[in-house]
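Colleague: I have a model open and would like to learn how to read it with you. Could we go through it feature by feature?

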Amino acid sequence: MHVYSDPASERHVNRTASVEAPERFPAALAGVEEAERAGVEVKRRPCAPAPRSALEAVHAPAYLDVLEEISVSGGGNVSLDTALNAHSWEAATLASGAAIGAVESALSGTAAFAIARPPGHHAGRDYGMGFCLLNNAAIAAEHARSGGIERVAILDWDVHHGNGTQDVFYASGEVLYLSVHQSPFYPGTGDAREVGEGRGRGFTANVPLPGRSGEDLYAEAFAGFFVPILREYRPELLLVSAGYDAHAADLLGGMRLESASFGRFAAQLAALAREVGAAPLALLLEGGYNLDAITASVAATIRGVEEEAPAWERSGDVRPVEAARKALAPFWESLR
Ligand SMILES: [Zn+2]
């Protein structure tokens, strides 16, 4: 496992959202150390800021200019809940660079985790919101595509729907976006009937789950929806938007996952990647607001990549998963 991070992650302060705290970064790195103590071999890798060309593959140049200007001038808001300080531009471009690094490691045959902040999945082509400035997952996916990778999947298990990632690829048939999230909840998107548009129809796959859902419902989302779609799609690269705010102890989310749940998600996806001949997983940190839960969940995720997949089987009796299957069935034979 390669871990990409940079100390700049701790210098970004969003003064309008104290939960997205600088302390999240050392908490996540403590999870890496915990995994090492449990016997996982980890190599730490430095990262470089994502180059302008990589940022512009996802974001509008004018939006990037605004972010940089706000940060250079000392800070300010890009939306109601999302503010920058003088270090935010550096931190954000390094977070995208960490995600790019993780993708390069994965494509070279080693699973990798980009541990950085600010998170990215609520940021769209020309907007930042939900504590997100640059869409690190989308930037990393486009980076892989620019290197000749044709089938990229992004699986997002953050408790919030990744509206930014969905928007970026909504009309694209080249990047498959899959999300399981709490609903109704912020940011209000991610209905099962949002399946993509134009050439992107069928390449957005949402499972909105009710609050208080536990691992049993997530297991059904994997076994009954994500796994069959991914088996049929056969991604060359599988990126994971790994947020930890669906943890039972999280300060924002209302779900009931345990730290070990994330380990089983990682084990399931790592096994699937091997099965379809994809690169090892490239994971990147999204949300997660309880520091102890972040540490334990990051550790479980890293260990999970090397563990045996859980024996989850579809039951067919979880209504939101069945609704998601129905919405995507026209596009994926394995759901019919
Ligand atoms: Zn979140």
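Colleague: Which residue takes a positive phi just after α7?

Modeller: Before that, two notes on the model. It is a predicted one, where local features need pLDDT of at least 70 and side-chain atom pairs count only at pLDDT 80 or more, while totals for chains, interfaces and linings use all residues. Residues are numbered from 1 along each chain as its sequence is written. Now the general idea: most residues other than glycine have a negative phi, and most peptide bonds are trans. Here R234, just after α7, takes a positive phi of about 50°. Helices (H or I, at least four residues) and strands (E, at least two) are DSSP runs, numbered from the N terminus.

Colleague: Where is R234 found, and is R234 buried or exposed?

Modeller: R234 is found in the loop between α7 and β9 (237-242). R234 is exposed because 12 other C-beta atoms lie within 10 Å. The cut-offs: a residue is buried if 20 or more other C-beta atoms lie within 10 Å of its own, exposed if 12 or fewer, and partly exposed in between, with C-beta atoms placed from the backbone.

Colleague: Which other residue than glycine has a phi near 70°?

Modeller: That is F131, with a positive value, in the loop between β5 and α5. F131 has 26 other C-beta atoms within 10 Å, so F131 is buried.

Colleague: Which peptide bonds are cis?

Modeller: R117 and P118 are joined by a cis peptide bond, with omega about 5°. P118 lies in the loop between β5 (112-114) and α5 (136-146). The bond from Y186 to P187 is cis as well, with omega near 0°, and P187 is in the loop between β7 (175-182) and β8 (204-209).

Colleague: Back to α7: where does the helix kink?

Modeller: A helix bend is read from two axes, fitted to the seven residues ending at a residue and the seven starting there. In α7 (residues 215-233) a kink of about 40° lies at F226, shortly before the proline P228. The helix is mostly covered, with 15 of its 19 residues buried.

Colleague: What is the order of the strands in the sheet?

Modeller: Strands of a sheet pair through backbone hydrogen bonds, either parallel or antiparallel. Two strands count as paired if DSSP finds at least two bridges between them. Here eight strands form an open sheet in the order β2-β1-β5-β10-β9-β6-β7-β8, with parallel pairing. β2 and β8 each have a single partner strand, so one side of each is left without a neighbour in the sheet. From one strand to the next, the twist averages 15°; such angles run from 0 to 180 degrees between N-to-C directions, with axes being lines fitted to C-alpha atoms, for helices over the stretch in contact.

Colleague: How many bridges join β9 to β10, and how does the chain cross from β9 to β10?

Modeller: Four bridges join these parallel strands. Between β9 and β10 the chain passes through helix α8 (residues 259-276), in a right-handed β-α-β crossover. Right-handed means that, with the strands pointing away from the viewer, the path from the first strand over the helix to the second runs clockwise. V240 has L283 in β10 as its bridge partner, and L239 has A282. On the β6 side, five bridges join β6 (residues 152-156) to β9, again in parallel, with L155 partnered by V240.

Colleague: Which residues point each way from β9?

Modeller: In a regular strand the side chains alternate between the two faces of the sheet. L237, L239 and S241 point one way from β9 and L238, V240 and A242 the other, and all are buried. Strand β10 (residues 282-285) is also covered on both faces, with A282 and L284 buried on one side and L283 and L285 on the other.

Colleague: How many residues has the largest nonpolar core?

Modeller: A nonpolar core is a set of buried Ala, Val, Leu, Ile, Met, Phe, Trp, Tyr and Cys residues joined through C-beta atoms within 7 Å. The largest has 119 residues, and L237 and L281 are among those with the most contacts inside it.
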